[in-house]
Amino acid sequence: MTLCIRLVMIIMALHATRAGWAQTGEPFPSPEPAPALKSLLAQAYLTDDEKRRIRLDHGLWDEADLNDAAAKAAASLSRGDLDNPALLADVAVVEDRAEALMCRGEPSRALDLLAGRENTRAVRLRVQALLDLGRSSQAAREAEAVARRLTESDTATEVAEAARAMLLLAKVRGPSGEGVVGYQDILNALGRARDQLDRLSWRVYLAEAMLLYEKDKYADVGPALQSVLTLHPRCAEAWALLGRAAVDGFDFPRAESVAARLEELAGGATADAAIIRALVLIRQSEGEAAEGMLAPLLERYPNHRGLRAAYAAAAAARFDFDAANARLRAFDELAPESPDAYLAVGRAMATARQYDQAAAYLRTAAARAPNWSQPAVELGLSELQAGRDDAAREALERAAVLDRYNVRAGNSLTLLRELRLYATHQSEHFIVRCRPGEDELLAREMLPVLERIYMRVTGSAAGGIDHAPTHRTTVELYPNHQWFSVRITGMPALHTIAAATGPVIAMEAPRLGPGHKAGPYDWARVVQHEYVHTVTLSRTNNRLPHWFTEASAVYLEDAPRAYSTVQLLARAWENNELFDLDTINIGFVRPKKPTDRALAYAQGHWMYEYIIDRFGVRAPLDLMDLYAKGVREPAAFQQVLGVSREVFLADFRAWAGLELEAWGMLRTDAHPDIPALMARDGVAKPTPERVAGWLAEQPGNPFVLEAAVAALAEQGPLADDNVDMCRRYAEARPVDPLPHKLLAAYYLAGPGRDPALAIPHLEYLDLREQSSSGYAMELARRYRDLGEHAKALGKVERAIQIAPYDPKLREFAATTAIVAGDWAMAEHNIRALMTLEPDREIHARRLEALQVMRRDQTPK
């Protein structure tokens with residue numbers, strides 16, 4: 001968990017994500033009604049009936065306002081209660097009844113109702129119904145008939161409906177096709193409707209949001225939807241679009257809160273809520289759970305196109321392609337030649353990193369809708385993640401021709417043009433691409449480290465995947481977070497600073513300065529985690545339970561847990577809050593508590609350790625192979641581990657308790673914690689005197705030692721007579737870095753103390769450090785002073801690995817190498833200084849002096 005950004009990404013200006021405007025993970029509150037709307041309702045000149053109609057139109061009604069069937073029908077449609085009997089009544093507005101039928105997946109019945117109706121809303125609904133039936137040519141003819149109304153209509157509602165009809169027409173003929181009003185003209189028409197016809201028309205803002213969403217202008221979608229909801233807080237259609245935006249931006253907590261809001265509005269389950277939740281699960285390759293989410297709504301609305309498309313995608317997400325294809329054929333029976341279901345399946349496959357399958361489905365979607373940019377955009381992005389740049393460029397250029405306003409297509413093409421300029425450095429198993437210049441310094445240094453990572457990850461030692469990908473892996477080193485974000489926007493389960501898409505690992509350069517999110521960091525540890533995903537993807541085609549995928553990568557970081565992670569695990573164990581093997585996957589996708597996602601990663605890693613410890617190093621690999629064949633987890637556990645999942649969890653919990661006890665994290669009869677001691681002695685607070693008494697009574701109790709050492713840390717530098725206490729605490733609780741920090745500082749503090757005694761404590765701390773070269777630098781000094789030059793140089797390399805762009809560190813490295821007589825390393829770091837600081841002539845003089853020194857030291 002320490003390295004990963006769990007399903008949340010920073011939104012950069014160049015390539016905003018679909019949740020760009022509000023990706024916080026917090027529940028989305030229902031906005032307050034707009035002040036202008038409240039002011040209007042307060043006007044004395046309005047009659048009671050006029051105020052009632054305004055409340056009905058803007059979602060502010062109360063039960064007294066719903067005093068006839070037509071009002072009940074309109075309100076039911078607004079809030080998504082599609083089965084309300086009022087929507088079946090003949091007295092309901094025909095368009096309301098038809099739209100409800102559309103939302104239930106009954107376009108043929110909707111068409112019958114709308115026959116002869118020529119208002120713009122009726123035409124728009126008819127166009128959508130024809131598209132849902134696969135009759136695209138007829139739909140286009142209907143839509144083009146209302147194009148002029150966009151600019152000529154004198155009501156905001158008519159303009160908004162005409163704009164939505166143009167969006168549907170553009171799907172068939174393209175944004176520049178015959179009879180299609182262009183993007184900017186639609187925006188201008190909506191602006192006229194908003195500013196000149198009706199400033200309180202929520203329908204205008206909704207049409208604008210739909211237009212912006214179609215153009216992938218996601219940073220602007222949110223404000224438009226916010227405006228809708230301040231003018232109509234019960235607009236289920238707006239809430240549903242908000243939920244889709246949250247899913248697309250991988251803001252799954254927000255998506256869940258929107259789904260819950262949709263159900264609250266409708267008074268029960270809705271198709272839109274089910275689709276939003278299912279898409280969240282599909283994004284996490286939880287296809288079976290997604291099917292379970294969709295099934296009850298499919299029973300109610302068996303022909304609902306959105307449900308059916310998501311249902312096909314869910315089958316693909318669990319890698320049952322026979323079922324997926326059967327569902328696609330069934331969809332075709334409803335809507336012949338429709339691209340929608342193929343697009344949904346293709347997107348699911350791209351998310352699951354099944355790039356060949358994604359390309360096949362997305363190409364079919366693009367062929368079925370040759371003038372619609374979205375399938376081409378999705379195909380281009382999928383090919384880009386697959387590392388197939390030429391295919392990506394072809395698809396994205398097609399998308400840009402179809403729609404020059406599409407943000408994702410434009411930004412991704414900009415990235416591809418940038419990549420064409422990148423320098424390439426290769427080793428046996430890796431290609432590193434970077435912008436020419438100082439980033440090449442790191443690129444060249446990465447190659448030997450990457451080869452060591454290759455040997456560890458693909459090897460057969462404990463945790464190794466024992467599998468080698470068939471092709472070189474490309475590592476793309478981006479100069480700042482902005483370019484990195486362009487590369488990986490839309491990928492789930494990302495690190496903040498690096499991400500694997502399978503054959504490509506993208507990473508941000510570990511440097512300080514404007515435009516950099518993380519600053520220096522241990523890139524080797526991060527990339528090793530990501531490379532595990534690359535290798536497991538190759539071995540299993542990414543067909544692993546979510547927790548198992550992350551567990552293998554965290555295990556192979558080959559680094560100790562952070563103390564905060566240990567504390568999280570200890571609390572979960574003691575409070576009986578560990579996940580089972582179903583809820584752990586939900587913890588990644590739909591966390592109920594802020595700590596759930598972190599606990600899912602931590603517990604998964606812990607269980608992976610247990611599997612290796614209890615069942616041997618081959619057990620995880622045998623499980624992988626069964627998962628790759630489609631064997632479900634219960635059967636795989638029985639075959640490989642010889643136990644049910646329930647027995648596994650019980651045995652794991654017992655083993656985990658022993659681990660916690662060994663770590664000094666578990667209270668026992670011999671070592672009660674502070675609250676237990678307070679209760680025993682009947683005291684209200686652990687005073688220093690009381691802690692001292694407990695310490696005399698139980699000198700090895702980690703809880704008492706923790707309290708005592710924490711108090712010492714607050715007092716300042718460690719005194720001589722407290723050294724033993726810190727040592728005892730370090731022994732009693734080997735997972736807490738605090739005593740090591742105090743002891744390292746103590747031994748380095750001044751005269752009369754042997755700084756060499758700080759080394760084991762510095763090593764402990766450096767092993768856990770991910771973003772600072774400080775411990776490695778201090779260790780290099782200590783080893784250099786002891787004449788242990790090989791160890792000193794090793795720590796210098798470790799420091800450079802974290803902060804490769806730091807000139808002071810490079811200068812220290814050169815000096816340490818000269819002292820050690822490693823002329824090659826000294827020259828390398830002086831040349832690095834010449835690259836990092838090209839205006840400082842002193843580096844060239846240093847290089848000349850080094851070369852002279854090297855010649856003088858070379859035996860004649």
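## Burial and a salt bridge within one helix

A residue is called buried when its relative accessible area is under 20%, exposed when that area is over 50%, and partly exposed in between. The model described here is predicted. Arg831 has a relative accessibility of 40%, so this residue counts as partly exposed. Glu827, at 17% relative accessibility, counts as buried.

These two residues are joined: the side chains of Glu827 and Arg831 form a salt bridge, with an N to O distance of 3.0 Å. Both belong to helix α43, which spans residues 823-836, and because they are four residues apart there, about one helical turn separates them.

## Salt bridges elsewhere in the structure

In total, the structure contains 78 salt bridges. Which parts does the salt bridge between Arg810 and Glu445 tie together? Arg810 is located in helix α42 (residues 807-820) and Glu445 in helix α24 (residues 439-458), so the pair links parts that lie 365 residues apart in sequence. The N to O distance in this salt bridge is 2.6 Å, and both Arg810 and Glu445 are buried.

A further salt bridge connects Arg667 with Asp673, whose closest N and O atoms are 3.2 Å apart. Arg667 has a relative accessible area of 46% and is partly exposed, whereas Asp673 has a relative accessibility of 10% and counts as buried. Salt bridges can also form a network, as they do among Asp216, Asp248, Arg283, Arg347, Glu378 and Arg408.

## Nonpolar cores

The largest nonpolar core comprises 243 residues. Within this core, the residues with the most contacts are Leu450, Trp523, Trp547 and Phe648.

Which residues are in contact with Trp547, leaving aside its neighbours within four places in sequence? They are Leu581, Ile584, Asn585, Phe588, Gly604, Met607, Tyr608, Ile611, Glu633 and Phe637. Apart from the largest core lies another core, of 19 residues, which includes Ala776, Leu793, Ala803 and Ala813.

## A buried glycine

Gly222 is part of helix α12, which covers residues 218-231. Is Gly222 buried or exposed? Its relative accessible area is 0%, and Gly222 is therefore buried.

The position of Gly222 can also be described relative to Ala209. The two residues are 13 residues apart in sequence, and their C-alpha atoms are 7.6 Å apart in space.

Conventions:
Residues are numbered from 1 along each chain as its sequence is written. This is a predicted model: local features need pLDDT of at least 70, side-chain atom pairs count only at pLDDT 80 or more; totals for chains, interfaces and linings use all residues. Side-chain values use heavy atoms; hydrogens and water are left out. A salt bridge is a side-chain nitrogen of Lys or Arg within 4 Å of a carboxyl oxygen of Asp or Glu. Helices (H or I, at least four residues) and strands (E, at least two) are DSSP runs, numbered from the N terminus. Buried means under 20% relative accessible area, exposed over 50%, partly exposed in between (1.4 Å probe, protein chains only). A nonpolar core is a set of buried Ala, Val, Leu, Ile, Met, Phe, Trp, Tyr and Cys residues joined through side-chain atoms within 4.5 Å. Contact means heavy atoms within 4.5 Å.
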